[in-house]
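Trainee: I would like to learn how to read a ligand site and a loop residue. Can we work through one example?

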Amino acid sequence: MPATNPTYRLRRSPPAVAIIGATGAVGVELLTILAERDFPVGELRLFASSRSAGKTLPFRGHDIGVETLGENSFAGIDLALFSAGSGIAKQYAPVAVRAGAIVIDNSSAFRMDPAVPLAVPEINAAALVGHNGIIANPNCAAIIAITPLWPIHRRNRIRRLILSTYQAASGAGAAAMAELVASTRAHFAGDSFAPRVLPHTYAFNLFSHDTAIDPTTGYNAEETKVINETRKIFDDPQIRVGVTCIRVPVLRAHAVAVTVECESPIDPEEARALIADAPGCRLVDDRERNHFPMPLEATGQDSILVGRIRRDLSDPSGHSLALFVAGDQLRKGAALNAVQIAEMLLP
Ligand SMILES: NC(=O)c1ccc[n+]([C@@H]2O[C@H](COP(=O)([O-])OP(=O)(O)OC[C@H]3O[C@@H](n4cnc5c(N)ncnc54)[C@H](OP(=O)(O)O)[C@@H]3O)[C@@H](O)[C@H]2O)c1
């Protein structure tokens, strides 16, 4: 990363760190990843809603109390990792910045703000230099779909991208994961189960992503995020993206079927070699054993698994490829990506 702006870094190391939304699916994963990666942490403060008052969470052998978030929560904090939704981010991220913290936010609140970097370190780490206190972590499906595509895009521009997602319960938070387990148990027990978190029966079903549909485009909010964020992260406003986002009864990792159309003809072997060397990606592409990326094998992994790399036979010009990816979106799709960004801010 070019060191043109030394002020983009944290003001001290080890930084005082706050996690906002520490009790949630992403918050708990942030704690795990900070510990796993030996991220330097001075003071650590954990915040959630008043519902979590009195809870503790373990970190490096200590039980840390969860505090109720408030206007005065950020005094002395250098790094604030937000994973508590857009409303909380809009209300409190500016408060944290005024108190001197750098905010890395997992919600969609600031992602499309032109003054806010939207960063995947493997793709556009240089964008971090321009931050004004807030850095946005991208949408999980976008991170998992496009990180393996970046080396291809750099070599042979992708002019059109078609994605179909298979998104896990974890993308809708800890309560949705619990609902998938409970509805599956109810199914086997022969009990009825009324969905509370998600709009439809989840066990042994799949449905269109549970975000609102834009009446003009017919695309839901998740699909719109993937389109807009891909353009911003690749810094390519012209890239054409079509996407269908589907929620599937998988606990933790997302999968995406991808078709890319490049400016020039592309050989599947060339793409395989580029992806094999791509940071943050691992080839799982064993045709003999019919072994390709799977959510269960992506679960708990830092790498995005990539396979089924083949020519798209519907494009006889040779410009198009198809592939399939799976990635743990609580890790690379959220907490890991946020901690990787934080590592780049260390002085
Ligand atoms: N899950 C993912 O894979 C993923 C991926 C990328 C981005 N994100 C984004 O990350 C954020 C968190 O997602 P999640 O999946 O971790 O959700 P979650 O499991 O539902 O957790 C939400 C967290 O926010 C806290 N919270 C809710 N209301 C609050 C309030 N008024 N004040 C303070 N804290 C409050 C909750 O605290 P309580 O426990 O006290 O309610 C909990 O810690 C969301 O913006 C989501 O869009 C999630």
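The dialogue below takes the ligand, then one aspartate.

Mentor: This is a predicted model, where local features need pLDDT of at least 70, side-chain atom pairs count only at pLDDT 80 or more, and totals for chains, interfaces and linings use all residues. Residues are numbered from 1 along each chain as its sequence is written, and side-chain values use heavy atoms, with hydrogens and water left out.

Trainee: Which residues come nearest to the ligand?

Mentor: A residue is near if one of its heavy atoms lies within 4 Å. Here 26 residues surround the ligand, and Thr23, Ser49, Ser52, Ser170 and Gln329 come nearest.

Trainee: Which polar atoms lie close to its oxygen and nitrogen atoms?

Mentor: A polar contact is a pair of N or O atoms within 3.5 Å; within protein, one must be able to donate a hydrogen and the other to accept it, and residues adjacent in sequence count only if both atoms are side-chain atoms. A side-chain atom of serine 52 lies 2.6 Å from a ligand oxygen. For alanine 25, a backbone atom is 2.9 Å from a ligand oxygen. A backbone atom of serine 170 is 2.8 Å from a ligand nitrogen.

Trainee: How much of the ligand does the protein bury?

Mentor: Areas use the Shrake-Rupley method with a 1.4 Å probe. Alone, the ligand exposes 890 Å², and the protein buries 77% of that.

Trainee: What does the side chain of aspartate 285 contact?

Mentor: Its side chain makes a polar contact of 3.0 Å with the side chain of arginine 272. A polar atom of that aspartate 285 side chain also lies 2.6 Å from the backbone nitrogen of arginine 308.
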